Amino acid sequence: MPLNLKTLLLGCALILVAVGVLLFGFTPRQTEGPTVVVYTSVDPEYALALFEKFTKESGIRVEPRTDSEASKSTGMAERLLQMKGRPDGDVVWNSELSLTQVLANADALEPYASPNAKEIPASYKDAQNRWTGFGCRARVILFNTNLVKREDVPRTLDGFADPKWKDKCTVPKPLFGTTRSHFVSLVLALGEEKAFKLFHAWRDNGVVIAESNSDVRERVANGYSTIGLTDSDDAFEALAGKKPVDFIVADQAADWHGAYLVPNTVAILKNCKHGAEAKKFVDFLLRPETEAWLAENGAHQIPVRTLPGVTSPVPLGDLKPIVVDVEQLGKSVLPVADKIYEALKK
């Protein structure tokens, strides 16, 4: 082959690689040095920043495994269940709790009691040390400040069934993420009869079923709905965007009082390849310094333990965090969520 043709082909190949980097974020995998493979459903701006901090401090490279925005924790859990006992990762850092408990119930997690979890309350730890919770978001009622005054916003989820709010409320589809965990927890706490009576009342009151928490945020911010149920991080994102919104932390119902908090959870996958590195990463995430970082650096997450000098970014007021039967939540979350969605559909 003539030299100039070889040179031309090599140049074309290099251009294609460069285009791949720009379009798809592809970079050659580095295999030198210690590594830990982390599955995560956490928003990438926070996950990647903490991965970088961990690598800088420990010398251990983090290889992330993420899923699409649409499936998030659901797609991640399904993949890990399929690979139970022979995972291609080491750690699962989930942005919620219920599907971590599903993995625990399926014997897909390796028990590990991190020394940095000693000060974390027992309600945020698995009794068998299969997972540990930290850094929470709250379920909140977001409202459009151009359409309603704070003092008029309903304080509990019962209010979404009040005729005063007919056709003015939005809740996310309960088939994914925090909404699925929240609504199934509501069923477990109230019992099926009371909970489904409430869901039917929402339906009859014209409650809109949005695609996601972020969809609720946009509908309320744009005035299509007056109030909506979402996560505190979505509320803070709307406030950062100067949207005409504010929020209150939702109480649950007349028969179930308290704030519903959604912790991050971290666990080691059973039979993982990099066990020692996995433990070091779990220890890093469960440090008080990491919870403080998550509270103060844009994630606005609520620490699960007292941290000197750190104030909760989400004021709970007089509401105390409710206690959820996590074991039962893990058993019920998938089948019950489908029933809830059917009850809410018009």
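## Contacts, cores and helix packing in a predicted model

Among contacts in the protein chain between residues at least 6 apart in sequence, 76% join residues at least 24 apart. The model is predicted. Its protein chain has 346 residues, and 53% of them are buried. The secondary structure comes to 11 helices and 10 strands.

**Two cores**

The largest nonpolar core has 49 residues. Which residues have the most contacts inside this core? They are V36, W93 and F281. Take F281 as an example. Leaving aside residues up to four places away in sequence, F281 touches V36, V38, F51, F54, V62, V91 and W93. A second core is separate and holds 39 residues, including V187, F196, I248 and I322.

**Two helices that cross**

Helix 5 covers residues 177-190, and helix 11 covers residues 326-344. Their axes come within 8 Å and cross at roughly 95°. An angle from 65 to 115 degrees counts as roughly perpendicular, so helix 5 and helix 11 are roughly perpendicular to each other.

Which residues of helix 5 meet helix 11? They are R180, S181, F183, V184, S185, V187 and L188. On the side of helix 11, the partners are Q328, L329, S332, V333, L334, V336, A337, I340 and L344. The residues of this contact divide into 11 nonpolar, four polar and one charged. V187 also appears in the second core.

**Aromatic rings**

The structure holds 13 aromatic pairs. One of them joins F236 and F247. The ring centres are 5.4 Å apart, with 70° between the planes. Planes over 60 degrees apart count as edge-to-face, so this pair is edge-to-face.

F236 lies in helix 8 (residues 232-240), whereas F247 lies in strand 9 (residues 245-249). The pair therefore ties together parts that are 11 residues apart in sequence. Are these two rings' residues buried or exposed? Buried means under 20% relative accessible area. F236 has 16%, so F236 is buried. F247 has 9%, so F247 counts as buried too.

Ring pairs also link F51, F54, W93, F134, F281 and F284 into a cluster. W93 and F281 are familiar from the largest core.

**Around helix 8**

Which residues of helix 8 are buried? They are S232, D234, A235, F236 and A238. What covers them includes strand 5 (132-144), helix 7 (213-221), strand 8 (227-231) and strand 9. After helix 8 comes K242, whose phi is positive.

**Positive phi values**

K242 shares this backbone feature with N129 and N271. The table lists the phi value and place of each residue.

| Residue | Phi | Place |
|---|---|---|
| K242 | near 60° | follows helix 8 |
| N129 | about 60° | loop between strand 4 (109-110) and strand 5 |
| N271 | near 65° | loop between strand 10 (261-269) and helix 9 (275-285) |

N129 is not a glycine. N271 is likewise a residue other than glycine. How accessible is N129? Its relative accessible area is 33%, so N129 is partly exposed.

**Putting it together**

F281 belongs to the largest core and to the ring cluster. V187 belongs to the second core and to the contact of helix 5 with helix 11. F236 is a buried residue of helix 8 and forms an aromatic pair with F247.

Terms used: Residues numbered from 1 in each chain as written. Predicted model: local features only at pLDDT ≥ 70, side-chain atom pairs only at ≥ 80, totals over all residues. Heavy atoms only, no water. Core = buried A, V, L, I, M, F, W, Y, C linked by side-chain atoms within 4.5 Å. Buried < 20%, exposed > 50% of the residue type's maximum accessible area, 1.4 Å probe, protein only. Contact = heavy atoms within 4.5 Å. Axes fitted to C-alpha atoms, helices over the stretch in contact; angles between N-to-C directions. Helix = DSSP H or I, 4+ residues; strand = E, 2+ residues; numbered from the N terminus. Parallel < 35°, antiparallel > 145°, perpendicular 65-115°, else oblique. Nonpolar A, V, L, I, M, F, W, Y, C, P; charged D, E, K, R; others polar. Phe/Tyr/Trp six-rings, centres within 6.5 Å; stacked < 30°, edge-to-face > 60°.
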